[in-house]
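Visitor: I am new here and would love a close look at one small part. Could you start there and then show me what lies around it?

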2 protein chains.
Amino acid sequence: MATEIDTSFIPDMPQGPLCEYRKCAKFDWKRLRLIFEEENTLRIKYKVWKILEADPLFSKPKTALSSDEQKRLAAMQMNKMAHLNLIPPELSQRGYLEKTMYLMSINEALHTVCPSLSVKIALGVGLFNNALHAMGTERHKKYYDAAWNREIVTCMAITEVAHGSNTKSIRTTAKYDPQTKEFIIHTPDFEAAKCWIGNLGKTATVALTFANLYTPDGVDHGLHGFLVPVRNPQTLQAYPGVLVGDIGDKIGLNGIDNGFVMFSNYRIPRENLLNRTGDVTPDGAYESVFSEPGKILGAALESFSAGRIGIMQEAANTLSNAAVIAVRYAAIRKQFGQEKNSPEIPIINYQLHQWRIFPYLAAACVLKVSVLELTKTYLKIVEKSQADSNGFELLTQIVSEVHALISSSKPLITWTARDAIQEAREACGGHGYLKASNLGELRNNHDPSCTYEGDNNVLGQQTSNWLLRQWNNDHLESPIGTANFLLQRNEILNSNFDRLVQHCPVDSIEFVIKCYEWLICWLLNKTSTKMKVATSNGEHRFDARNNAQVYGARDLWRAYAELFALRSFIKRCNQPDVTPELKSVLNLLYFVYGYWCIDKHLTTFYQGNFASGSQFADLIREKLLAKCSLLKDSSVSIADSIAPPDFALNSVIARADGLLYQNLQNEFMTHPGAFERPSWWKEVLIPPTKSKL
Amino acid sequence: MATEIDTSFIPDMPQGPLCEYRKCAKFDWKRLRLIFEEENTLRIKYKVWKILEADPLFSKPKTALSSDEQKRLAAMQMNKMAHLNLIPPELSQRGYLEKTMYLMSINEALHTVCPSLSVKIALGVGLFNNALHAMGTERHKKYYDAAWNREIVTCMAITEVAHGSNTKSIRTTAKYDPQTKEFIIHTPDFEAAKCWIGNLGKTATVALTFANLYTPDGVDHGLHGFLVPVRNPQTLQAYPGVLVGDIGDKIGLNGIDNGFVMFSNYRIPRENLLNRTGDVTPDGAYESVFSEPGKILGAALESFSAGRIGIMQEAANTLSNAAVIAVRYAAIRKQFGQEKNSPEIPIINYQLHQWRIFPYLAAACVLKVSVLELTKTYLKIVEKSQADSNGFELLTQIVSEVHALISSSKPLITWTARDAIQEAREACGGHGYLKASNLGELRNNHDPSCTYEGDNNVLGQQTSNWLLRQWNNDHLESPIGTANFLLQRNEILNSNFDRLVQHCPVDSIEFVIKCYEWLICWLLNKTSTKMKVATSNGEHRFDARNNAQVYGARDLWRAYAELFALRSFIKRCNQPDVTPELKSVLNLLYFVYGYWCIDKHLTTFYQGNFASGSQFADLIREKLLAKCSLLKDSSVSIADSIAPPDFALNSVIARADGLLYQNLQNEFMTHPGAFERPSWWKEVLIPPTKSKL
């Protein structure tokens with residue numbers, strides 16, 4: 001089977017100084033690439049990159065654009081999307097999983113090149129239509145189709161100025177007026193203004209707005225979704241009663257027009273209520289379509305998981321790009337040597353440097369694989385729930401487990417990418433501080449993913465809550481199997497390093513997993529006990545949970561996400577397309593990531609008496625450094641196997657040709673105005689009477 | 001004594017929601033402010049801030065400026081400096097220490113408001129004149145005076161495209177031509193182009209250039225400094241033979257015109273050699289002025305320490321600003337509550353949030369104090385060396401110890417500031433991602449300080465090398481006393497947690513120090529042994545040292561810097577102006593920082609058998625959380641005591657009035673074009689035939 005794999009669609013790497021390293025790799029990097037990504041995905045991505053590279057609208061401007069210019073560009077790119085024919089017409093006939101994978105692959109390619117555009121589409125088409133699908137009915141289909149065909153620019157208005165994570169405290173109201181058969185949307189004050197809404201600042205004409213529905217009898221029926229026209233699509237002027245504006249510059253992603261809006265008793269037709277879960281009759285009576293609207297709303301919000309999956313895919317690519325930049329630069333950059341006159345050494349040879357950047361290279365590979373695994377698991381479940389007339393109801397357990405996986409993996413991956421970018425920035429020294437290194441853009445654009453679509457610190461608690469339920473309940477509910485090992489909790493908690501190594505050597509795949517199983521059980525036991533003691537002492541559950549996060553629940557959900565990533569990677573390594581050469585480098589990557597993660601938890605292992613004395617820490621750390629050293633010869637080819645084309649990576653210090661200084665020279669000498677006297681030279685001249693030199 | 005302190009020059013805090021917290025503090029925040037900064041410094045800073053705030057040239061632009069506009073602004077501000085009369089004329093008559101402290105205070109105030117300008121002055125005046133002072137002679141005084149009086153714009157051209165940290169490999173040459181009595185400055189290729197040189201891109205007319213001096217006999221006399229005219233000061237046009245340009249956009253600090261230059265057999269007069277350490281006679285003979293030019297060059301480079309001190313002061317302020325923003329925001333921002341309908345809780349109440357941000361508040365306070373201590377120690381030594389005709393020679397030991405302190409403290413402080421900014425960014429959620437939060441600017445401008453003036457990972461090795469020498473030498477050479485405890489190495493290494501707590505409770509000041517003494521001795525022993533084993537196995541010293549960095553020398557120098565910071569803080573707390581109320585809050589800050597730092601080293605404590613089992617980690621972590629909780633009521637007032645005025649902090653989410661949402665509203669609604677239809681609206685309109693909604 002292994003020989004049948006077609007890698008010919010993957011472009012070759014150019015000749016250049018990096019080939020010296022490429023020769024050392026004992027595997028085919030294109031084959032490795034197909035371990036980390038599916039062939040279909042990769043074909044779509046290369047196709048999209050090719051189309052974008054050929055279109056001047058998507059070429060990187062040579063000088064920084066103003067925020068206004070960035071917004072204009074992103075809006076024009078968004079309109080252009082409909083004409084690029086990225087989506088084959090027949091795709092709409094395909095099944096949910098295939099269709100979604102296709103769209104996700106396009107997004108991945110798009111995000112690397114123009115992250116603002118990717119987010120604009122995700123918000124205005126993806127999230128909007130997911131929400132419409134979950135909450136709307138047949139009468140809203142025209143909006144769904146219009147968004148899909150890019151005939152309207154939409155946005156999702158949930159967050160308010162004073163409420164982000166806590167959506168339950170949203171204060172915008174929608175009061176039904178039976179006289180006119182309209183809802184009156186109203187913002188009580190600025191703190192309740194919808195805020196940060198992507199696409200709303202300048203361009204959206206329709207806002208899917210969350211507001212508390214009041215019937216004429218004064219009863220508050222809780223949060224509902226409404227389709228609210230905010231601007232005239234012919235003029236882009238706001239409608240009377242809608243005070244809508246742009247919130248101004250952000251740290252990054254300035255191509256997105258994030259906006260705020262205040263509604264002043266603004267009337268919309270009754271039919272604009274998304275009425276899948278509850279409706280209001282023309283006379284003003286509220287009708288629940290299901291008996292548990294809260295649960296249904298949960299299901300509707302669950303549709304945001306697609307957003308989190310997208311963020312994870314993007315973050316895994318961002319992480320990859322940072323690692324690629326760091327590795328390629330380190331392979332070429334030389335500094336210092338044994339003696340004053342001995343040849344200088346590429347910095348990739350220094351142990352310290354390897355330890356700084358290789359774990360991120362390994363993390364990129366492992367996390368790419370685990371995101372793919374998670375994506376497919378998620379999509380299969382959604383597909384199944386759609387086929388099943390009972391919807392999510394029968395799948396509650398699976399949905400809960402997937403939610404736990406997503407809620408911990410999204411923080412893990414976004415934080416790992418964040419740290420990788422920073423380490424790469426510093427590891428590339430001054431040249432890493434050049435805008436043209438692209439590390440600043442990566443950082444500024446990636447940054448919000450740590451706090452949006454669920455603030456990492458808050459979102460992770462969804463996972464620890466689920467794990468604690470599994471720990472404390474009589475029956476384990478882990479249909480996907482990620483928590484099945486909890487059934488062996490007693491045996492696991494009785495294990496320790498000395499006993500473990502007797503049947504499981506430190507460099508066995510199993511060893512890392514076993515360490516994690518102990519870690520998670522111990523943290524569960526500790527956290528659960530702490531909360532029980534607190535509540536039995538009269539502490540409110542809310543407070544008990546809050547006081548069990550630091551050094552408890554927070555470490556717990558992170559460890560759980562790491563274990564899932566490692567297990568997903570092992571699963572992938574055991575597929576039949578993995579040749580022995582590939583297996584060997586995949587194993588290295590597994591251990592570098594695994595030991596590196598364990599290293600960060602070492603204190604807990606000692607605290608919980610899993611180990612004492614120096615041996616455990618010594619071994620983990622020595623092995624990590626040894627594996628890093630072994631990785632050196634393969635690192636450039638591994639980087640190739642996760643790198644986008646130069647056009648998309650867009651880093652002058654990390655082109656595939658490895659011509660670092662030639663590329664820098666070209667960059668320095670050709671950027672606009674490089675050698676020109678500034679237009680303002682006369683304004684800063686020091687008068688000759690003053691300057692005597 | 002305590003009652004005589006005048007705090008009236010410190011402006012009061014405005015009324016507003018934060019006053020609820022301010023009322024809870026049991027100390028006078030203005031008195032606390034005078035613990036962290038000297039009265040003179042503070043008076044100068046407030047004066048500078050007042051002057052800058054009143055001058056429109058220094059007001060923050062409402063929209064982002066292009067890089068070109070930023071450069072223009074910084075150049076105009078630089079010229080304006082001479083007219084702001086920030087420096088009293090009589091200052092030049094004062095002693096070195098007083099004068100330098102004055103200039104440093106101005107720089108601190110300036111840096112908070114316009115970091116690019118601060119760096120431009122530091123490079124063009126401070127570093128340039130320091131180098132001239134160390135390497136030049138009487139004949140170069142006119143350049144010194146001209147730079148001081150802002151009559152010329154200068155720069156320091158050391159770094160080359162392919163060589164940053166490793167200055168010994170610089171390749172630019174200066175060949176003496178006895179026929180014309182000129183040096184011929186030449187750049188062999190682009191890799192040897194001077195690069196990243198601040199002020200050189202657009203404005204500098206003179207570059208203090210480092211090049212290898214060759215006499216006509218072909219002998220290479222090593223690196224020397226040359227004053228090289230690069231542009232005509234009347235026209236700002238480059239001279240023939242000088243290819244000088246701007247390197248383009250950076251991630252931040254775009255007000256600085258970083259440039260590159262290639263010299264093509266470019267001739268300068270013989271007198272432009274900085275000839276304090278060596279000279280070339282008109283006939284072309286090299287004359288060493290001292291017998292050990294290498295050592296003198298070291299002394300000259302030592303003058304860069306002033307730059308590192310400046311970076312530390314700036315980084316301590318950046319760290320403070322990040323902590324202030326996070327604390328003020330957390331005090332006002334509410335999210336979630338015990339039950340759906342119970343009042344929402346300010347996020348500063350959550351243990352997790354306290355643990356995320358309070359350690360940075362404590363770090364800001366502790367590190368501000370230690371930077372001040374280090375600054376004064378350094379300045380006293382320089383002053384002494386200037387008075388002493390033997391220069392640095394007699395002070396070698398002190399200079400080495402100060403160098404060890406600076407080389408570890410600069411990385412510690414810049415990294416702590418880096419992490420504080422990121423944590424603050426995330427802790428302020430979406431609003432922290434607004435450009436107007438200022439956290440993005442802080443991050444992008446602070447970023448290079450981790451790699452310039454000595455890359456942190458490389459610079460720190462200077463400290464570990466010094467410590468290892470102290471460990472291995474027969475005689476301890478620690479005149480400042482930072483390493484005196486190494487004399488008790490045996491006793492220290494025999495101590496452990498169980499024995500220590502018997503006479504030294506965990507919440508004693510002493511406990512933290514004793515833990516650190518053990519940590520440093522253990523790391524020294526481990527690292528030293530590792531290197532000895534490696535070299536005795538035939539490994540080259542260079543490699544042995546490189547392979548002893550991770551989990552060894554790197555932890556070592558960091559721990560040493562932390563210990564110095566903690567000791568400096570204790571020293572400050574014991575001064576007579578510290579009242580019991582102040583002492584109480586200072587103690588809290590000490591423990592929060594101390595436990596937090598120890599927490600990061602816990603693995604080493606276990607690995608080295610200082611502790612085993614859960615007790616040690618449990619205690620450190622419980623105490624840390626308990627102290628954080630105690631800090632809550634004081635945190636807003638502590639933030640006040642390290643905060644610059646609103647004008648300088650420049651964060652819409654952290655104004656001293658605490659009117660978070662009113663300030664946000666004002667920001668959203670008044671920024672240019674907030675409610676305007678974009679000028680490009682027609683370009684992005686979807687044709688009505690297409691849009692049916």
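Leaving aside its neighbours within four places in sequence, which residues is Gly552(B) in contact with?

Guide: Happy to help! Gly552(B) is in contact with Leu523(B) and Thr527(B) once those neighbours are set aside, contact meaning heavy atoms within 4.5 Å. Before going on, please note that this is a predicted model, in which local features need pLDDT of at least 70 and side-chain atom pairs count only at pLDDT 80 or more, while totals for chains, interfaces and linings use all residues. Residues are numbered from 1 along each chain as its sequence is written, chains are lettered from A and ligands numbered from 1 in the order in which they are written, and side-chain values use heavy atoms, with hydrogens and water left out.

Back to the glycine. Gly552(B) sits in helix α19 of chain B, residues 549-573 (helices, H or I with at least four residues, and strands, E with at least two, are DSSP runs numbered from the N terminus). Gly552(B) counts as buried because its relative accessibility is 4%, and buried means under 20% relative accessible area with a 1.4 Å probe, protein chains only, against over 50% for exposed and in between for partly exposed. From Leu367(B), Gly552(B) is 185 residues away in sequence and 23 Å away in space, C-alpha to C-alpha.

Chain B offers other buried spots. Thr154(B) belongs to strand β1, residues 154-157, and is buried, since its relative accessible area is 0%. Its side chain comes to 2.5 Å from the backbone oxygen of Gly124(B). Not counting residues up to four places away in sequence, Thr154(B) touches several others, among them Leu123(B), Phe128(B), Ala147(B) and Val206(B).

Lys30(B) is placed in helix α2, residues 29-36. Lys30(B) counts as buried because its relative accessibility is 10%. A polar atom of the Lys30(B) side chain lies 2.8 Å from the backbone oxygen of Ile10(B). With neighbours within four places left out, the contacts of Lys30(B) include Thr7(B), Pro11(B) and Asp12(B).

Now for a helix that leads us to the other chain. In helix α13 of chain B, residues 439-446, seven of the eight residues are buried, including Leu439(B), Arg443(B) and His446(B). The buried residues of α13(B) pack against α12 (439-446) of chain A, as well as α6, α9, α11 and α12 of chain B.

That brings us to the interface, where 137 residues from chain B meet 137 residues from chain A. The area buried between the two chains is about 12,300 Å², with carbon and sulfur atoms giving 58% (this is the accessible area, 1.4 Å probe, that two parts lose on being put together, summed over both). Eight salt bridges are counted between chain B and chain A (a side-chain nitrogen of Lys or Arg within 4 Å of a carboxyl oxygen of Asp or Glu). One of them joins Arg425(A) to Asp447(B), whose closest N and O atoms are 2.7 Å apart. On the side of chain B that touches chain A, helix α4 (residues 67-81) of chain B gives the largest share, six residues.

How values were computed. Polar contact = N/O pair within 3.5 Å; in protein donor to acceptor, adjacent residues only side chain to side chain.
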